[in-house]
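Q: I am new to this structure and would love a close look at its aromatic rings and the backbone around them. Could you walk me through that part step by step?

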Amino acid sequence: MAANDNDARRASLEKTGVEEAIEEASVKPDLAYGGEDTLPPPPDLTPEQVKALYRKIDLRLMPILTLMYLCSFLDRGNIGNAKLQGLLTQLHLTGNKYNIALTMYFIPYCLFECPANMVLKKFRPSKWLPGITLLWGTIMTLMGLVKTYPQLVGTRVCLGVAEAGLFPGVVYYLTLWYPRHMIQTRVGLFFGGATLAGAFSGLLAFGISFMSGTAGMLGWSWIFILEGLATVVVGVVAFFILVDFPHTAKFLTPEERAYVVHRKKYDNSSVGEEEHFELRHVWEALTDWQVWLHILTYYSIITPLYGISLFLPSIINGFGYSTPISQLLTVPPYVFATATLIFWAVWSDKIKKRYPFILAGLTYILVGFAINISDVPVGAKYFGTFLVVAGAYASFPGVVAWLGNNLAGHYKRGVGMALHIGIGNFAGAIASNIYRSQDAPRYILGHGLELMFVGIGFITVPITVLAYKRINARRDALAQEADEKGIRYTPEEIRRMGDRAPDFRYTL
């Protein structure tokens with residue numbers, strides 16, 4: 001049964017008196033959105049046709065993006081497995097040298113995320129994202145050949161620079177394709193690659209450990225070389241699969257392209273978002289209260305995530321298991337986390353809310369670390385790692401999607417999300433230094449500081465929700481008042497206001 005897809009026409013945007021007051025105008029070239037002036041009129045699609053269209057997009061974009069991020073997280077975190085395969089002894093990583101090597105990855109990684117996001121559209125996603133994948137895969141391979149501690153630190157710095165553009169770039173890229181209440185499922189699928197990387201890392205490290213001694217190299221060298229070469233292959237393949245933007249996607253028909261562009265145009269605005277760059281977009285992102293509040297929430301999730309991903313093999317090894325068994329025991333928590341992540345992401349998009357799942361994740365992490373910091377049996381501690389891994393990984397896509405949902409304007413959202421992720425990822429530098437070797441096996445300092453960050457999240461999330469509810473209610477009242485007084489806004493004014501526009505409603 002065919003139906004006029006009103007949700008597509010306004011992309012789930014609740015109508016207000018202000019929207020109805022906006023002056024109607026034909027699409028002019030300077031107001032055209034996403035190349036719509038080069039496309040035919042958008043078709044009316046049935047719900048089944050809409051699902052089939054986005055499934056088609058999913059099948060083209062999501063597998064390769066997920067594989068790229070799996071490689072990214074595998075390559076940054078496999079040093080935790082390499083640590084147990086002779087890295088410390090061969091490179092003489094005494095004292096805090098290992099922690100410094102971890103930290104030196106995150107500093108350039110954080111500093112280069114915002115610039116990388118700003119040039120993404122300029123250099124085209126289909127070239128930029130595979131290009132940096134190829135680059136860091138090469139660096140990862142060469143890391144397996146280092147002979148000294150300074151060489152290890154140098155390659156970790158280069159790895160951080162090369163990987164910086166992937167995660168914020170892909171999340172921003174997805175916001176150009178999907179309506180905002182479809183985003184968390186896609187970010188969840190994409191970030192699921194990181195969760196699976198945790199499982200694969202343990203399995204691969206276990207298998208590669210049997211190559212120790214081959215060609216005169218220990219197991220840690222082969223971990224870096226083989227996983228780096230796999231990344232290079234993925235980068236090359238991505239050049240042939242990734243596409244740029246909906247209006248230029250040749251795997252879609254012109255009518256399908258028109259529908260996707262039209263759906264995005266009316267996703268969070270009645271007239272479409274600003275697409276051109278102005279310096280004020282950077283300033284607006286820097287001075288937006290929600291960006292900085294979301295950064296604190298990001299810290300509350302990502303610090304435990306990095307802590308557990310970098311040190312889970314060592315934590316389990318401290319339970320008294322041998323190195324091979326410790327590698328294998330890292331797998332089940334990540335499998336559980338992947339299933340939880342997908343379930344929460346789909347559920348979140350269905351109810352169009354983010355905060356309940358972030359709070360649930362914080363609760364999981366709180367309980368998990370509380371168990372591990374306590375003097376309890378090993379079985380209970382191992383169960384606690386399941387909660388920490390699942391809570392951190394499953395709630396993280398919601399943290400990223402939440403801010404992305406609530407920033408309007410292509411470049412403001414790009415800059416805001418890069419600030420969010422870039423500054424937030426300094427948590428990786430923190431997590432790299434709180435699990436000290438002298439604190440093994442209970443790691444009271446590390447677990448205690450992770451609990452502090454969780455506490456920050458329990459403060460910032462409710463504050464953010466209350467602020468959003470208050471602003472949405474105020475805009476509802478102003479919309480009614482504007483309708484009664486006959487106040488009109490031009491499309492140019494609405495676009496310029498972005499997420500401050502009277503027709504914009506924040507996602508909770």
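A: In this predicted model, the count of aromatic pairs comes to 37. One of them brings together F336 and F386, whose ring centres are 6.1 Å apart. Their planes meet at 50°, and an angle that is neither under 30 degrees nor over 60 makes a pair tilted, so F336 and F386 are a tilted pair. This pair links distant parts of the chain: F336 belongs to helix α17 (residues 331-351), while F386 belongs to helix α19 (residues 378-405), and the two residues are 50 apart. How exposed is each partner, F336 and F386? F336 has a relative accessibility of 35%, so it counts as partly exposed. F386 has a relative accessible area of 19%, and because buried means under 20%, F386 counts as buried.

Another aromatic pair is made by Y435 and Y443. Here the centres are 5.5 Å apart and the planes stand at 65°, which makes the pair edge-to-face. Y435 is buried, with a relative accessible area of 2%, and Y443 is buried as well, at 5%.

Let's stay with Y443 and turn to the backbone. Y443 lies in the loop between α21 and α22, and its phi is near 50°, a positive value in a residue other than glycine. Why is that worth a second look? Because most residues other than glycine have a negative phi, and most peptide bonds are trans. The loop that holds Y443 is also where P441 is found, between α21 (426-434) and α22 (444-485). A cis peptide bond joins A440 and P441, with omega at about 5°.

H92 also has a positive phi without being glycine, with a value near 55°. H92 lies in the loop between α5 (87-90) and α6 (97-111). Is H92 buried or exposed? Its relative accessible area is 55%, and because exposed means over 50%, H92 counts as exposed. Y443, by contrast, is buried at 5%.

To finish the tour of rings, here are two that have a charged group over them. K97 lies over the face of Y149, at 5.3 Å from the ring centre. The charged end of R180 sits over the ring of F504, 5.0 Å from its centre.

Note on methods
Residues numbered from 1 in each chain as written. Predicted model: local features only at pLDDT ≥ 70, side-chain atom pairs only at ≥ 80, totals over all residues. Heavy atoms only, no water. Helix = DSSP H or I, 4+ residues; strand = E, 2+ residues; numbered from the N terminus. Buried < 20%, exposed > 50% of the residue type's maximum accessible area, 1.4 Å probe, protein only. Phe/Tyr/Trp six-rings, centres within 6.5 Å; stacked < 30°, edge-to-face > 60°. Lys NZ or Arg CZ within 6 Å of the ring centre and 35° of its normal.
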